[in-house]
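I opened the model to look up its main pocket, its cysteines, its aromatic rings and its strand pairing. My notes follow in that order.

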Amino acid sequence: GPEGAATFHGHDGVREATRLILEVFGDIRLDPEELLYWGDRFLVTVKLSGHGAESRASIDQQLFSLCTLCAGLVVRQDEFLDRAEAFKAAGLSE
C-alpha cells in the first residue's frame with residue numbers, strides 16, 4: 001500500500017484503528033455523501049470533519065472507503081483520500 005499506510009486485521013484491528021483515530025482527533029464526524037455499489041463491492045464517499053486532540057487544528061476533507069463483501073459481511077475495507085485512486089483499486093474508471 002501507500003507509504004505510511006497502516007493495515008489492520010479482524011475485529012481487533014477495527015478496534016485498534018478506531019482507538020487510534022479517536023486518540024488523534026478530539027472530535028470527529030463522518031458524514032456519508034455518496035454510495036456506489038457493484039455487486040460484492042461498494043464505495044462510500046464520506047465527509048470527514050473534526051479537530052486534532054492536541055493541536056485543535058480543523059480537518060475537513062473527503063474520504064473514500066472501498067469495501068468488499070462476502071456473505072453479506074464486509075471482509076475488507078480500504079481507505080483513500082483520492083477518488084480516482086479508489087476507483088483504480090476497484091478496477092474501475094469514473
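**Pocket.** I am working from a predicted model. I looked up the largest pocket first and found about 1700 Å³ of space in it. I listed 36 residues in its lining, and those nearest the centre are Phe8, Ala17, Gln77, Asp78 and Glu79. I then sorted the lining by class and got 23 nonpolar, 10 polar and 3 charged residues.

Next I asked which elements supply the lining with at least two residues each. I noted α1 (10–24), β1 (25–38), β2 (41–52), β3 (58–70) and β4 (73–80). Of the contributors, α1 gives the most, with 10 residues.

**Strands.** I checked how β2 and β3 pair, and they run antiparallel, joined by 11 bridges. The two strands make a hairpin with 5 residues between them. In that turn I noted Arg56, which has a positive phi of about 65°.

I went on to β3 and β4, which are also paired in the antiparallel sense, here over 7 bridges. Their hairpin has 2 residues between the strands, and Ala71 in it has a positive phi near 55°.

I followed one residue of β3 across both pairings. Cys67 is the bridge partner of Phe42, and in β4 the partner of Cys67 is Gln77. I had already met Gln77 among the residues nearest the pocket centre.

**Cysteines.** How many disulfides does the whole structure hold? I searched and found 0. I looked at Cys67 to see why. The closest cysteine sulfur to that of Cys67 belongs to Cys70 and is 14 Å away, so the gap is too far for a bond; the cut-off is 2.5 Å. Cys70 accordingly has no disulfide, with the sulfur of Cys67 as its nearest.

I also asked whether each cysteine is buried or exposed. Cys67 has a relative accessible area of 5% and is therefore buried. Cys70 comes out at 47%, so I entered Cys70 as partly exposed.

**Aromatic rings.** My search of the whole structure gave 1 aromatic pair. The rings are those of Trp38 and Phe87, with centres 5.8 Å apart. Their planes stand at 75°, so I recorded the pair as edge-to-face, the cut-off being over 60 degrees.

Where do the two rings sit in the chain? Trp38 is in strand β1 and Phe87 is in helix α2 (residues 83–89). With their positions 49 residues apart, the pair links distant parts of the chain. I looked up accessibility last: Trp38 is partly exposed at 29%, whereas Phe87 is buried at 6%.

How values were computed: Residues numbered from 1 in each chain as written. Predicted model: local features only at pLDDT ≥ 70, side-chain atom pairs only at ≥ 80, totals over all residues. Heavy atoms only, no water. 1 Å grid on protein atoms, 1.4 Å probe; cavity = no way out; pocket = protein on both sides within 12 Å on 5 of 7 lines; lining within 4 Å. Points joined across faces, edges and corners; volume = space filled by probe spheres on them. Helix = DSSP H or I, 4+ residues; strand = E, 2+ residues; numbered from the N terminus. Nonpolar A, V, L, I, M, F, W, Y, C, P; charged D, E, K, R; others polar. Buried < 20%, exposed > 50% of the residue type's maximum accessible area, 1.4 Å probe, protein only. Phe/Tyr/Trp six-rings, centres within 6.5 Å; stacked < 30°, edge-to-face > 60°. Pairing = 2+ DSSP bridges.
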